[in-house]
Structure formats: structure tokens, C-alpha cells
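Open the model in a viewer and keep the selection tool at hand. The stops below go from the salt bridges to the pocket, and end at a single loop residue.

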Amino acid sequence: MKEKKTNEGRRSVGRVLRSAGGMLALVLVIAVSCKEGEDFWDSMIPETDKETTTAQVAGYVFRPALAPANEANERQLKVPSGFQVSKFAENMGQPRMMVVSSSGRVYVSDREAGTVTMLMDADGNGMAESSKVVATIKQVHGLSIYNGKIYMVAVNEVYVADMNGDGSLGQPKMLISDLPDGGQHPNRTIGFGPDGMMYLTVGSTCNACAEPNPENATILRANADGSNRKIYAKGLRNTIGFGWHPETGELWGLDHGIDWLGDNEQEEEVNQIKQGADYGWPYIYGNGKYNPADRPKGDTTYQQYLQKTTLPTLTYQAHSAPIGMVFYTGSQFPAEYKNDAFVAMRGSWNRSSPVGYKVVRLHFENGKPVRFDDFLTGFVIDNNRSHFGRLAGLAVHTDGSLLVSDDTNGVIYRISRQP
């Protein structure tokens with residue numbers, strides 16, 4: 001669905017800065033001028049470079065200090081009435097993405113360690129009592145289970161391995177070796193659609209730029225054996241969390257907004273991912289706004305690029321940094337949670353006060369996303385000066401509980417119904 005909001009696009013204020021340079025706070029002011037009688041905001045981002053582009057933005061770096069995930073801090077965690085949160089596993093290093101097998105084994109990636117670890121809660125008490133590294137792959141991140149095999153994606157490679165009866169893995173076999181280099185966004189994810197095809201997310205190498213490799217800032221689709229790889233959708237800065245609605249089979253994903261456009265820009269995007277669609281990055285963002293630092297190339301105007309841009313269905317607070325996304329298909333939660341999605345918001349660094357650091361529920365009605373509600377909060381403490389969790393992966397366990405990974409304190413949390 002397209003919207004044409006030329007004026008809103010022209011009113012967009014900001015400029016992309018590619019490096020914080022270690023500064024804790026940054027204020028950029030570019031002198032603004034306009035011809036007498038012209039509308040001030042309309043003159044800021046003209047359609048072509050025959051007129052002057054001027055913009056002003058205040059940008060900040062604020063990283064809350066890391067606090068321990070101890071009992072006192074964990075008591076600050078909040079979930080809706082009727083739910084409870086506990087530790088499923090700890091001392092996990094930097095756990096990221098998770099998948100759960102039909103037997104209840106949980107597989108967790110650690111990109112920094114280059115490992116995939118299997119966790120098992122054999123007695124069903126809500127805590128994993130066994131932990132075993134089952135694969136070692138440099139910079140492994142995204143995981144998916146399909147047709148009894150586990151697929152693992154690193155920066156440039158995709159691997160597949162057999163799953164043995166005891167949950168261990170056979171020798172990984174490389175299916176793809178030439179995905180684009182990572183740059184700023186090396187965290188690839190993988191999933192298999194209702195069509196049996198492999199889908200891979202490939203983020204941008206930069207904050208905002210014209211990518212020399214057309215496979216960056218895309219979702220790719222390939223056969224299950226890695227062959228016949230093609231660009232499925234483009235203009236996606238960094239869509240890590242994605243999945244197919246259980247009823248409609250439609251593909252949805254959450255894209256990261258551009259940094260250095262101010263505290264409240266660019267908002268994170270909920271997109272219905274369609275084959276052949278262009279979602280606007282790096283030139284168009286939000287509901288049709290123009291990015292002043294990156295103009296469409298050649299003779300293309302912003303308005304012309306906007307005409308072919310697919311705009312988001314829904315947006316969320318800028319700099320929240322959505323990572324994991326999973327549709328709830330379990331039976332433990334109340335019936336109204338069925339087929340809604342959960343999203344792990346990793347948390348901001350590029351704004352004056354922290355946002356994110358939580359899990360949110362994305363409500364779907366008639367197969368379409370309509371609103372967000374907080375689901376797991378409380379990781380930001382000390383009057384917003386510290387945090388004890390930046391969240392990454394999500395998975396629905398076979399018992400219907402929700403697992404959430406934190407790669408800063410090495411904890412996997414479990415959210416369940418109260419007995």
C-alpha cells in the first residue's frame with residue numbers, strides 16, 4: 001500500500017552521520033536559508049540538487065551502564081497479570097537467536113563465540129539443566145529448523161546439519177558461501193516460508209548510503225538447498241525479526257530506522273514483505289519523509305522514488321531496535337494471544353534518554369498488525385541510568401512458554417502463566 005505525503009516528506013528534518021566518533025553527545029546545526037516568500041520547511045529538502053538542501057538535527061549517544069542480572073534487579077521485571085518471569089538459563093555468554101525442536105530442545109546461537117548451544121529442560125520445571133555446544137561456526141547467528149534439519153546462517157555462509165535423536169547435530173554442510181559482507185549490520189537471520197523456500201535477511205553495510213552490492217538491505221529467497229538465490233524485497237535497512245502470520249501466511253518483518261535523524265526519527269517499521277517491493281531505504285523513510293543526506297541518484301527525484309516505495313503498515317518508537325520476532329502459536333497463554341506476535345526491542349543508544357529494552361506484543365486483527373502493548377519491561381533501572389538486559393532472540397517453547405535471550409548478561413528468560 002502506498003501513501004503520497006509530499007509535504008510531510010519535505011518537512012523531514014535530519015542528516016545522517018555515519019560515525020559517533022566516541023562522543024557522548026553530538027549537536028549538529030546546519031545553517032538554513034530560504035528565498036523570501038517561500039515556505040521555510042518546503043525549501044529544506046528540494047526535489048533536485050538544483051536547489052540547496054539544508055537541515056538541522058540534534059543527535060545524542062546515551063548508553064545506560066550495564067548492571068548485573070541479580071535477584072534484586074530481576075524483581076523489577078514486569079509482565080501482565082497472570083504471567084510470571086523466571087530464568088530458563090544463565091551464564092550463556094552472549095545468546096542471540098533461538099529455535100525449539102519438536103522434542104523441546106532449545107538451540108541458541110552466540111555470534112561472538114561462534115557457537116550453537118543445545119539446552120534441555122528434561123524434568124519440565126522451567127529451567128534448563130543441561131547445556132551442550134553442538135556446532136562451532138564463526139559468527140553464526142540466525143537459526144531455523146526445517147524438515148528435521150537445522151539451518152544456521154553466519155555473515156557470508158549458510159549451513160545445514162542433521163539433527164540426531166539425542167539432539168546433537170551432524171557435521172554442518174555449507175549451502176551458501178557468498179552472502180554480502182556485513183559492515184554495520186552483520187546479523188543475518190533465516191526462515192522457511194509456507195512455500196518451502198529459504199528466506200535470508202541481509203542488512204545494510206551502513207547507516208544510510210547507496211549500496212554497491214544490490215543484495216545488501218534486502219530479504220533474499222532461495223531453494224532449500226541454497227540454489228537459485230534472488231532478491232525478494234529491497235530497501236530494508238536491517239530487518240532481523242520476521243515471520244509468516246499463522247493464518248494468512250503473509251510475511252511480516254520489523255525494520256530498523258535510520259540513526260542520527262534525532263531522538264524521534266526514524267521510527268521502526270512494521271512492513272508486510274512482498275515480492276518485488278522496495279521499502280524506500282535510504283531515500284524515503286516513515287510515511288513518506290525524505291532523507292536529506294541521501295538523495296536518489298541520477299535524475300530521479302524524491303517524489304518519483306516515493307511513488308515506487310511501499311510504506312510501513314505500522315511504526316514504533318524510534319531507536320527501540322527490534323531484533324527477534326515470533327508469532328505465538330502455543331496453547332499456554334490466553335486464547336487472545338494466539339497468532340499475535342512478540343518482538344524483542346533491544347534498546348536505544350542514539351537518543352538522549354533510553355527506549356526499548358523490553359518485549360512488546362504486536363496485536364493482529366483480521367491478519368493485520370494494529371497496535372503494540374508492553375509485555376516484559378523493567379530492564380532499565382537507576383532512573384534510566386543503567387540496564388541489566390538488552391534483548392535479542394525469542395522462541396515459543398513446546399510447553400507454550402515464551403523464551404527471551406539477553407546477550408549482555410548471558411541470560412535466557414522464560415515467561416509463563418502463573419499456576
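A residue counts as buried when its relative accessible area is under 20%, as exposed when that area is over 50%, and as partly exposed in between. Keep these cut-offs in mind for the stops that follow; the model is a predicted one.

**The whole chain**

Start with everything shown as a cartoon. The protein has 31 strands and three helices. Of its 419 residues, 59% are buried. Take the contacts between residues at least 6 apart in sequence: 58% of them join residues at least 24 apart.

**Salt bridges**

Side chains of opposite charge can pair when their charged atoms come close. How many salt bridges does the structure hold? The count is 17, and three pairs and one network are visited here.

Select Glu 215 and Arg 229. Their side chains form a salt bridge, with 3.0 Å between the closest N and O atoms. Glu 215 sits in the loop between β14 (198–202) and β15 (218–222), and Arg 229 in the loop between β15 and β16 (230–234), so the bridge ties together parts 14 residues apart in sequence. Is each partner buried or exposed, or something in between? Glu 215 has a relative accessible area of 13% and is therefore buried. Arg 229, with a relative accessible area of 22%, is partly exposed, because a value between 20% and 50% falls in that class.

Move to Lys 289 and Glu 265, where a salt bridge spans 2.3 Å from N to O. This pair links distant parts of the chain, 24 residues apart: Lys 289 is in strand β21 (residues 289–290), and Glu 265 is in the loop between β18 (251–255) and β19 (268–272). Lys 289 is buried at a relative accessible area of 16%, and Glu 265 is buried at 18%.

Next, select Asp 374 and Lys 358. Their side chains meet in a salt bridge of 3.2 Å, N to O. Asp 374 belongs to strand β26 (residues 368–376) and Lys 358 to strand β25 (residues 358–365), so parts that are 16 residues apart in sequence are tied together. Asp 374 is partly exposed, with 44% relative accessibility, whereas Lys 358 is buried, with a relative accessible area of 15%.

To finish this part, select Glu 74, Lys 87 and Glu 90. Salt bridges link these residues in a network.

**The disulfide**

Show the side chains of Cys 206 and Cys 209. A disulfide joins the two residues, with an S to S distance of 2.0 Å. The structure has one disulfide by the distance rule used. The link between Cys 206 and Cys 209 is left-handed, with -90 degrees about the S-S bond. Both Cys 206 and Cys 209 are buried.

**The largest pocket**

Turn on a surface and look for the largest pocket, which has a volume of about 880 Å³. Which residues are closest to its centre? They are Met 98, Val 99, Phe 242, Met 325 and Val 326, out of 32 residues in the lining. Colour these elements, each of which gives two or more residues to the lining of the largest pocket:

- β5 (98–100), β9 (142–146) and β13 (189–192)
- β17 (239–244), β23 (322–327) and β29 (391–396)

The lining of the largest pocket consists of 20 nonpolar and twelve polar residues, with no charged ones.

**The cavity**

The structure holds one cavity of 30 Å³ or more. The largest cavity contains about 50 Å³ of space. Select its lining: Gly 235, Arg 237, Asp 255, His 256, Ile 258, Gln 266, Glu 269, Tyr 279, Trp 281, Ile 284 and Tyr 285. By class, the lining of the largest cavity is made up of five nonpolar, three polar and three charged residues.

**A buried tyrosine**

Last, select Tyr 357, in the loop between β24 (341–345) and β25. Tyr 357 is buried, at 3% relative accessibility. Its C-alpha atom is 5.6 Å from that of Met 345, although the two residues are twelve apart along the chain. What else does Tyr 357 touch, leaving aside neighbours within four places in sequence? Besides Met 345, the contacts of Tyr 357 are Pro 64, Arg 346, Gly 347, Ser 348, Phe 379, Val 380, His 387, Gly 389, Arg 390 and Leu 391.

Conventions:
Residues are numbered from 1 along each chain as its sequence is written. This is a predicted model: local features need pLDDT of at least 70, side-chain atom pairs count only at pLDDT 80 or more; totals for chains, interfaces and linings use all residues. Side-chain values use heavy atoms; hydrogens and water are left out. A disulfide is a pair of cysteine sulfur atoms within 2.5 Å. Buried means under 20% relative accessible area, exposed over 50%, partly exposed in between (1.4 Å probe, protein chains only). On a 1 Å grid over the protein atoms alone, a cavity is a set of points where a 1.4 Å probe fits but cannot get out, and a pocket is an open set with protein on both sides within 12 Å along at least five of seven lines; lining residues have an atom within 4 Å of a point. Grid points are joined across faces, edges and corners, and a volume is the space filled by probe spheres set on the points. Helices (H or I, at least four residues) and strands (E, at least two) are DSSP runs, numbered from the N terminus. Ala, Val, Leu, Ile, Met, Phe, Trp, Tyr, Cys and Pro count as nonpolar, Asp, Glu, Lys and Arg as charged, and the others, Gly among them, as polar. A salt bridge is a side-chain nitrogen of Lys or Arg within 4 Å of a carboxyl oxygen of Asp or Glu. Contact means heavy atoms within 4.5 Å.
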